[in-house]
Amino acid sequence: MGFVKFNFSSKKFKNKKPRLSSHQKISTSKGRFDSKLENYVYSDLLLLQKDERYNIKEIKRQQTINLLPGINYRADFKVILNNDSFYIVEAKGFETEVWLLKKKIYKLFGPAPLEIWKGSKSGRKIVETIIPDSTDFLK
């Protein structure tokens, strides 16, 4: 039995990153999104913004947050309220090890509450809300 030889320098393997999940990037009239779920959550947030009860002034997409020196987290959405306070929204499908680590760091050093949304086209919901508390770090 012989060995199979692979040519990893061929065009087929160059500049390819392994995919960790099955999501597909999509483009819509509202912009380009990393996943269908992210697009649906954005649509939901826009609907909430139209309802005065939610006091949403602005929704920013793909905001980079510095958690610690050298550790950044790119949030899906930053929701700014009329009183200029804000919270972060993450549309989460597949949870990678990197996400789980950043989530733990966010719990300690995040700048604002973090809502984690899960779901599909048929419906989405907030499955977790994280209120950062750096006092946990001291325990």
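How many bridges join strand β4 to strand β5, and in which relative direction do the two strands run? In this predicted model, four bridges connect β4, residues 71-81, with β5, residues 86-91, and the two strands run antiparallel. One bridge pair can be named directly: Phe77 has Val89 in β5 as its partner.

These two strands belong to an open sheet of five strands, arranged in the order β3-β4-β5-β6-β7 with mixed pairing. The edges of the sheet are formed by β3, residues 56-68, and β7, residues 123-130, each of which pairs on one side only. From one strand to the next, the twist averages 35 degrees.

Two helices are placed against this sheet. Helix α1, residues 36-50, lies across β3, β4, β5, β6 and β7, and runs at about 130 degrees to β3. Helix α2, residues 97-109, also packs on the sheet and touches β3, β4, β5, β6 and β7. The direction of α2 makes about 100 degrees with that of β3.

The nonpolar residues come next. The largest nonpolar core has 15 residues, and the members that touch the most other members are Val41, Leu45, Phe77, Val79 and Val89. Phe77 and Val89 are thus both in this group and are also bridge partners. At least two residues of the core come from each of α1, β3, β4 and β5, and α1 gives the most, with four residues. Val79 illustrates the contacts of one such member: leaving aside residues up to four places away in sequence, Val79 touches Leu45, Ile56, Glu58, Ser85, Phe86, Tyr87 and Val89. Apart from this core lies another, of 12 residues, which includes Ile65, Ala75, Trp99 and Tyr106.

Is Glu90, a charged residue of the sheet, buried or exposed? Glu90 has its place in strand β5, and it counts as buried because its relative accessible area is 5%, where buried means under 20%. Its surroundings can be listed in some detail. Not counting residues up to four places away in sequence, Glu90 touches Tyr73, Arg74, Ala75, Asp76, Trp99, Leu114, Glu115, Ile116 and Trp117. Of these neighbours, Ala75 and Trp99 are members of the core of 12 residues. The side chain of Glu90 makes a polar contact with the side chain of Tyr73 at 2.6 Å. A further polar contact, at 3.4 Å, is made with the side chain of Lys92. The side chains of Glu90 and Lys92 also meet in a salt bridge, with an N to O distance of 3.4 Å. Lys92 is likewise buried, since its relative accessibility is 12%.

The pair of Glu90 and Lys92 is one of seven salt bridges found in a search of the whole structure. Another joins Asp51 to Arg53, where the closest N and O atoms are 2.5 Å apart. In this pair, Asp51 is partly exposed, with a relative accessible area of 23%, whereas Arg53 counts as exposed at 66% relative accessibility. A further salt bridge is formed by the side chains of Lys118 and Glu95, at 3.2 Å from N to O. This pair links distant parts of the chain, as Lys118 is in strand β6 and Glu95 in the loop between β5 and α2, 23 residues apart. Lys118 is partly exposed, with a relative accessible area of 28%, and Glu95 also counts as partly exposed, at 30% relative accessibility.

The backbone deserves a final remark. Most residues other than glycine have a negative phi. Which value does phi take at Asn55? For Asn55, phi is near 55 degrees, a positive value in a residue other than glycine. Asn55 is placed in the loop between α1 and β3 and counts as partly exposed, with a relative accessibility of 38%. Gln62 also has a positive phi, near 50 degrees, and is a residue other than glycine. The place of Gln62 is in strand β3, one of the edge strands of the sheet. Gln62 counts as partly exposed, at 24% relative accessibility.

Methods
Residues are numbered from 1 along each chain as its sequence is written. This is a predicted model: local features need pLDDT of at least 70, side-chain atom pairs count only at pLDDT 80 or more; totals for chains, interfaces and linings use all residues. Side-chain values use heavy atoms; hydrogens and water are left out. Two strands pair if DSSP finds at least two bridges between them. Axes are lines fitted to C-alpha atoms, for helices over the stretch in contact, and angles run from 0 to 180 degrees between N-to-C directions. Contact means heavy atoms within 4.5 Å. Buried means under 20% relative accessible area, exposed over 50%, partly exposed in between (1.4 Å probe, protein chains only). A polar contact is a pair of N or O atoms within 3.5 Å; within protein, one must be able to donate a hydrogen and the other to accept it, and residues adjacent in sequence count only if both atoms are side-chain atoms. A salt bridge is a side-chain nitrogen of Lys or Arg within 4 Å of a carboxyl oxygen of Asp or Glu. A nonpolar core is a set of buried Ala, Val, Leu, Ile, Met, Phe, Trp, Tyr and Cys residues joined through side-chain atoms within 4.5 Å.
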